[in-house]
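Here are a few notes to go with the structure, written for someone opening it for the first time. Have a look at it first, then read on.

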Amino acid sequence: AARLKPLDICAKMEAIRVMAAEHGLAALEGLADYGAHHALMPGHVAATRACLEHMDEALMSDDAAHDRESILAALATRLH
């Protein structure tokens with residue numbers, strides 16, 4: 001991801017978000033949505049790296065609503 005342009009990262013994250021939404025993976029959908037939006041902002045390299053580090057956790061999520069909020073909160077804590 002570090003070699004991709006911000007627009008390419010955004011497009012790939014958006015594709016992940018769409019696929020996650022189609023399959024009911026709310027935690028992954030939220031993480032990919034966050035990644036897509038932050039790929040176009042300053043500091044996108046750190047945000048993308050942090051999103052990718054939480055992907056496994058989001059994929060294994062059983063409690064969609066709770067896990068989505070927990071993952072996004074952990075991501076925000078790491079980045080700020």
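Which residues in α1 meet which residues in α3? Keep that one in mind; point 5 comes back to it.

1. First, a word on what you're looking at: this is a predicted model. The protein has five helices and zero strands, so to speak an α-α-α-α-α run when you read the elements from the N terminus on. My notes stick to α1, α2 and α3.

2. Some overall numbers. Of the protein's 80 residues, 32% count as buried. The exposed surface comes to about 5,000 Å², with carbon and sulfur atoms supplying 60% of that. Take the contacts between residues at least 6 apart in sequence: 65% of them join residues at least 24 apart.

3. Start with α1 (residues 6-22) and α2. Their axes come within 8 Å and cross at roughly 160°. Angles over 145 degrees count as roughly antiparallel, and α1 and α2 are therefore roughly antiparallel to each other. The crossing of this pair is left-handed. On the α1 side, the contact is made by Cys 10, Met 13, Glu 14, Ile 16, Arg 17, Ala 20 and Ala 21. From α2 come Leu 28, Glu 29, Ala 32, Asp 33, Gly 35 and Ala 36. Sorted by class, that contact has eight nonpolar, one polar and four charged residues.

4. Next, α2 (residues 26-38) against α3 (residues 44-53). These two pack at an angle of about 165°, and their axes are 9 Å apart. That angle makes α2 roughly antiparallel to α3. Here, too, the crossing is left-handed. Leu 31, Tyr 34, Gly 35 and His 38 of α2 make the contact with His 44, Ala 47 and Cys 51 of α3. The class split is four nonpolar, three polar and no charged. Gly 35 is worth finding in the viewer, as it's listed in the α2 contact with α1 and in the one with α3.

5. That leaves α1 and α3. Their axes come within 11 Å and cross at roughly 25°, which makes α1 roughly parallel to α3. The crossing is left-handed. Back to the opening question: Pro 6, Ile 9 and Met 13 are the α1 residues, and they meet His 44, Thr 48, Cys 51 and Leu 52 in α3. By class, this contact has five nonpolar, two polar and no charged residues. Met 13 turns up here and also in the α1 contact with α2, while His 44 and Cys 51 of α3 meet α1 and are part of the α2 contact as well.

Key:
Residues are numbered from 1 along each chain as its sequence is written. This is a predicted model: local features need pLDDT of at least 70, side-chain atom pairs count only at pLDDT 80 or more; totals for chains, interfaces and linings use all residues. Side-chain values use heavy atoms; hydrogens and water are left out. Axes are lines fitted to C-alpha atoms, for helices over the stretch in contact, and angles run from 0 to 180 degrees between N-to-C directions. Helices (H or I, at least four residues) and strands (E, at least two) are DSSP runs, numbered from the N terminus. Angles under 35 degrees count as roughly parallel, over 145 as roughly antiparallel, 65 to 115 as roughly perpendicular and the rest as oblique. A crossing is left-handed if the near helix is turned anticlockwise from the far one by less than a right angle, and right-handed if clockwise. Contact means heavy atoms within 4.5 Å. Ala, Val, Leu, Ile, Met, Phe, Trp, Tyr, Cys and Pro count as nonpolar, Asp, Glu, Lys and Arg as charged, and the others, Gly among them, as polar. Buried means under 20% relative accessible area, exposed over 50%, partly exposed in between (1.4 Å probe, protein chains only). Accessible areas come from the Shrake-Rupley method with a 1.4 Å probe; for residues, only the protein chains shown count as cover.
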